[in-house]
Amino acid sequence: MAGATGFAGQELIRLLARHPKVTIAAATGSQATSTPRSLPALKRIWDGTVVPLDPAALAGKADAVFLALPEAASAELAPVLLGSGLRVIDLSGAFRLRDEASRARWYPATKALPGGIAYGLTEFEFDTIRTARLLSNPGCYPTASLLGLLPLQRAGLLLSGAEIVIDAKSGISGAGKAPSDRTHFSENHGSVAAYNPFGHRHTPELEQALGRTVTFVPHLVPLDRGLLASLYARLVPGTTAAAVTAAFEREYATAPFVRLTGDALPEIKHVAHTNFCDLGWKVDEATGRVFVVSVIDNLVKGAAGQAIQNFNVMFGFDQKAGLL
Ligand SMILES: NC(=O)c1ccc[n+]([C@@H]2O[C@H](COP(=O)([O-])OP(=O)(O)OC[C@H]3O[C@@H](n4cnc5c(N)ncnc54)[C@H](OP(=O)(O)O)[C@@H]3O)[C@@H](O)[C@H]2O)c1
């Protein structure tokens with residue numbers, strides 16, 4: 001796996017080290033010339049050494065490669081690894097957008113999409129994931145939001161043309177390990193801040209999946225991990241609360257990592273350090289409004305955990321292997 005020293009990368013190693021079907025053949029940091037290092041937080045879980053990145057060495061050693069890298073590095077590395085016959089699971093946004101113009105705006109390093117690609121929202125893309133050569137793992141905000149909205153959309157319960165508002169809060173690890181003014185402890189602790197309204201690169205990813213525009217406003221909250229999305233939408237007139245419940249129950253009847261809490265609204269602490277997405281909702285039948293709360297751990301279901309769930313599907317293992 002590449003990017004082993006990052007937040008998502010360390011979470012991947014923590015989970016993969018206990019996966020019954022996996023041997024970690026190599027874990028790499030960023031620089032081709034950097035000194036090999038161990039990961040103190042993972043001692044006795046994984047006692048390997050992080051080595052400098054060498055794509056040729058990865059190709060010789062493994063069946064699959066997880067990329068937990070900045071998107072420009074993924075855009076460069078993934079085609080090389082695919083060319084060596086490896087299956088690639090990419091956690092970055094480099095390969096998420098199908099529309100060329102949109103990709104040029106949000107992920108300019110990705111000049112073209114390789115063949116055999118699948119978008120890895122596991123619960124909805126199972127069949128394309130099974131045969132994928134390149135798995136593009138969804139963003140953390142889209143994962144939480146789409147798991148809460150797609151069942152209603154697919155059941156035909158969302159009023160077309162009406163606004164959908166996604167108000168989402170994420171812990172700071174969502175921004176990666178490099179500190180910035182916004183993610184500095186002294187700035188973030190004791191505060192809550194909205195950022196990038198209408199301008200976050202997860203907006204086109206959400207709109208691609210839903211086929212309609214959304215108002216998406218992310219917020220940073222002083223937590224190290226966890227993400228809560230509050231989803232507001234209008235229902236087709238006459239939709240009952242029972243119909244909304246039935247749509248969620250039908251969609252997730254066999255999904256091991258989606259837990260439905262109904263009108264007991266879930267919280268981040270219920271899912272921290274797990275691959276679960278918990279979904280709760282309330283319907284106001286009189287005004288035709290639905291409110292859904294979706295919570296995930298951004299580093300697990302929002303990144304490393306979902307990547308492993310997708311890897312399990314790609315290789316024909318139990319979806320839950322290494323995760324539950
Ligand atoms: N954090 C989240 O909650 C989350 C959720 C979903 C998706 N993602 C995506 O997952 C990817 C990793 O995120 P992260 O939060 O783990 O980032 P991070 O903490 O900043 O870690 C980045 C990793 O990539 C390595 N790296 C940096 N520049 C590189 C380069 N040019 N070539 C090769 N390796 C390089 C770093 O190695 P060094 O330590 O040697 O610098 C480090 O191992 C990103 O694309 C991110 O968008 C993250």
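Modeller: Let's start at the ligand: a residue is near a molecule or strand if its C-beta atom, placed from the backbone, lies within 6 Å of it. Here, 31 residues surround the ligand, and T5, G6, S30, S92 and G176 are the closest. Please keep in mind that this is a predicted model, where local features need pLDDT of at least 70 and side-chain atom pairs count only at pLDDT 80 or more, while totals for chains, interfaces and linings use all residues. Residue numbers start from 1 along each chain as its sequence is written.

Biologist: How many residues of the shell around the ligand are nonpolar, polar and charged?

Modeller: Ala, Val, Leu, Ile, Met, Phe, Trp, Tyr, Cys and Pro count as nonpolar, Asp, Glu, Lys and Arg as charged, and the others, Gly among them, as polar. By that scheme the ligand's shell holds 13 nonpolar, 16 polar and 2 charged residues.

Biologist: And which helices each supply at least two residues of that shell?

Modeller: Helices (H or I, at least four residues) and strands (E, at least two) are DSSP runs, numbered from the N terminus. The protein chain has 10 helices and 13 strands. Around the ligand, α1 (7–16), α3 and α10 each give at least two residues, with α1 giving the most, 3 residues.

Biologist: What is the strand order in the parallel open sheet?

Modeller: Two strands pair if DSSP finds at least two bridges between them. In this open sheet, 4 strands follow the order β3-β4-β6-β5, with parallel pairing. Its edge strands, β3 (64–67) and β5 (117–119), each pair on one side only. Look also at β4 (residues 87–90) and β6 (residues 134–136), which are joined by 3 bridges in the parallel sense; D90 has S136 as its bridge partner in β6.

Biologist: Which strands does helix α3 lie across?

Modeller: For such packing, two residues are in contact if their C-beta atoms, placed from the backbone, lie within 7 Å. Axes are lines fitted to C-alpha atoms, for helices over the stretch in contact, and angles run from 0 to 180 degrees between N-to-C directions. Helix α3 (residues 71–83) lies across β3, β4 and β6, at about 160° to β4. Helix α10 (residues 300–314) also lies across β3, β4 and β6, at about 155° to β4.

Biologist: Where does β7 sit in the mixed open sheet?

Modeller: The order of its 7 strands is β8-β9-β7-β10-β13-β12-β11. At the edges, β8 (193–194) and β11 (258–262) each pair on one side only. Strand β7 (residues 165–170) pairs with β9 (residues 215–220) in the parallel sense over 6 bridges, with S170 opposite L220. On β10 (residues 227–234), β7 makes 6 antiparallel bridges, and A168 stands opposite A229.

Biologist: What does helix α6 lie across?

Modeller: Helix α6 (residues 140–154) lies across β7, β9, β10, β11, β12 (277–284) and β13 (289–296), running at about 35° to β10. Helix α9 (residues 241–251) packs on the sheet too, touching β11, β12 and β13, and its direction makes about 165° with that of β12.

Biologist: Finally, what radius of gyration does the protein chain have?

Modeller: It is taken over C-alpha atoms, and the globule rule is 2.2 Å times the number of residues to the power 0.38. For 324 residues a compact globule would have a value near 20 Å, so the chain's 19 Å agrees. The C-alpha trace spans about 65 × 45 × 40 Å along its principal axes.
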